[in-house]
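Good morning, colleagues. Please take a moment with the sequence and the structure before I begin.

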Amino acid sequence: MTFEQLKAQIFKKKSFLCVGLDPDIRKIPEHLLSEDSPLFEFNKQIIDATAPYSVAYKPNLAFYESLGVKGIIAFEHTIQYLKKFYPEHFVIADAKRGDIGNTSTMYARTFFEEYDVDALTVAPYMGEDSVKPFLEYEGKWVVLLALTSNKGSHDFQLTEDNNGTRLFEHVLAKSQEWSTEENMMYVVGATQGKMFEDIRRVAPRHFLLVPGVGAQGGSLQEVCKYGITKDCGLLVNSSRGIIYAGHGSDFAAVAAQKAQELQQEMAVELDKIR
């Protein structure tokens, strides 16, 4: 999917919602546990319910890998289901890969050839040769960690050099020597608030994948105030706030309601830039 195709989907659906598919076997509704693949059945119902209100899905590999082979099969089936029934949705594998060049080459082959996802989250801290293999696939995206939503992000990401430049700013500036906004975006946590201004000074046009709205306390309006661009430039992710909003047999309907509520808020923000 190209930059323009992603942008077109956003304005067509009046949504920049990414639904995080993080199925925890200990949290999904009990009645699903009798299914052959509880995780896939959970995902399938969440996808069917929220697809009208979202433009992207982000399965987090940890929730699948924790169940071994069964979990990986559920991940594969989820990707296949999205590709078959919702091909217009942008699919991000949240795996946070990144290693020396030949290892990254194998990771890239796994996610872009074997699973055929649209994008992959990548840790940039081993430098250019650890990221470049992911950038060699036409139509695929790298989502670099820049300024994350967790409390510990301040431990390293805000560290300043002698000139007062923070580590995340170095990541943003240096990585733009490797590629462009056409196939690279950045993870910036919704809890960072006004610091989106700092992000936009260094990366004015890149899409930002923004976790942390909802359960983690991030504000959609604050993210948009400081981070939205004329192209939107945002994919705002919500995981727990949508997929675990309901716990009974109506969990998918409740998820749809939460997704629609977010989509309606997003429509208001998009109207402001049109």
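I shall go through the strands, then the helices, and finally two loop residues.

Please keep in mind throughout that this is a predicted model.

Let me begin with the sheet. In this model 8 strands close into a barrel, in the order 1-2-3-4-5-6-7-8, and the pairing is parallel. From one strand to the next, the twist averages 30 degrees. As an example of the pairing, take strand 6, residues 184-188, which runs parallel to strand 7 and is joined to it by 2 bridges. Within that pair, Y186 stands opposite L208 of strand 7.

What packs on the sheet? Helix 2 does, touching strand 1, residues 17-21, and strand 2, residues 56-59. The direction of helix 2 makes about 170 degrees with that of strand 1. Since angles over 145 degrees count as roughly antiparallel, helix 2 is therefore roughly antiparallel to strand 1.

Helix 2 also has a helical partner. Spanning residues 38-50, helix 2 packs with helix 4, residues 69-85, at an angle of about 25 degrees, and their axes are 9 Å apart. That angle makes helix 2 roughly parallel to helix 4, because the limit for that description is 35 degrees. The crossing of helix 2 with helix 4 is right-handed.

Which residues form this contact? On the helix 2 side they are L39, F40, N43, K44, I47 and D48, and they meet A74, H77, T78, Y81 and L82 of helix 4. By character, the contact residues divide into 6 nonpolar, 3 polar and 2 charged.

I turn next to helix 10, residues 220-227. Its buried residues are L220, V223, C224, Y226 and G227. Their cover includes two helices, helix 9 at 196-202 and helix 12 at 251-271, together with strand 7 at 208-210 and strand 8 at 234-238.

Finally, the two loop residues. K14 lies in the loop between helix 1, residues 3-13, and strand 1. Its phi is near 55 degrees, a positive value in a residue other than glycine. C232, in the loop between helix 10 and strand 8, likewise has a positive phi without being glycine, near 80 degrees.

Are these residues buried or exposed? K14 is partly exposed, with a relative accessible area of 41%. C232 has 0% relative accessibility and so counts as buried.

Thank you for your attention.

Definitions and conventions: Residues are numbered from 1 along each chain as its sequence is written. This is a predicted model: local features need pLDDT of at least 70, side-chain atom pairs count only at pLDDT 80 or more; totals for chains, interfaces and linings use all residues. Side-chain values use heavy atoms; hydrogens and water are left out. Axes are lines fitted to C-alpha atoms, for helices over the stretch in contact, and angles run from 0 to 180 degrees between N-to-C directions. Helices (H or I, at least four residues) and strands (E, at least two) are DSSP runs, numbered from the N terminus. Angles under 35 degrees count as roughly parallel, over 145 as roughly antiparallel, 65 to 115 as roughly perpendicular and the rest as oblique. A crossing is left-handed if the near helix is turned anticlockwise from the far one by less than a right angle, and right-handed if clockwise. Contact means heavy atoms within 4.5 Å. Ala, Val, Leu, Ile, Met, Phe, Trp, Tyr, Cys and Pro count as nonpolar, Asp, Glu, Lys and Arg as charged, and the others, Gly among them, as polar. Buried means under 20% relative accessible area, exposed over 50%, partly exposed in between (1.4 Å probe, protein chains only). Two strands pair if DSSP finds at least two bridges between them.
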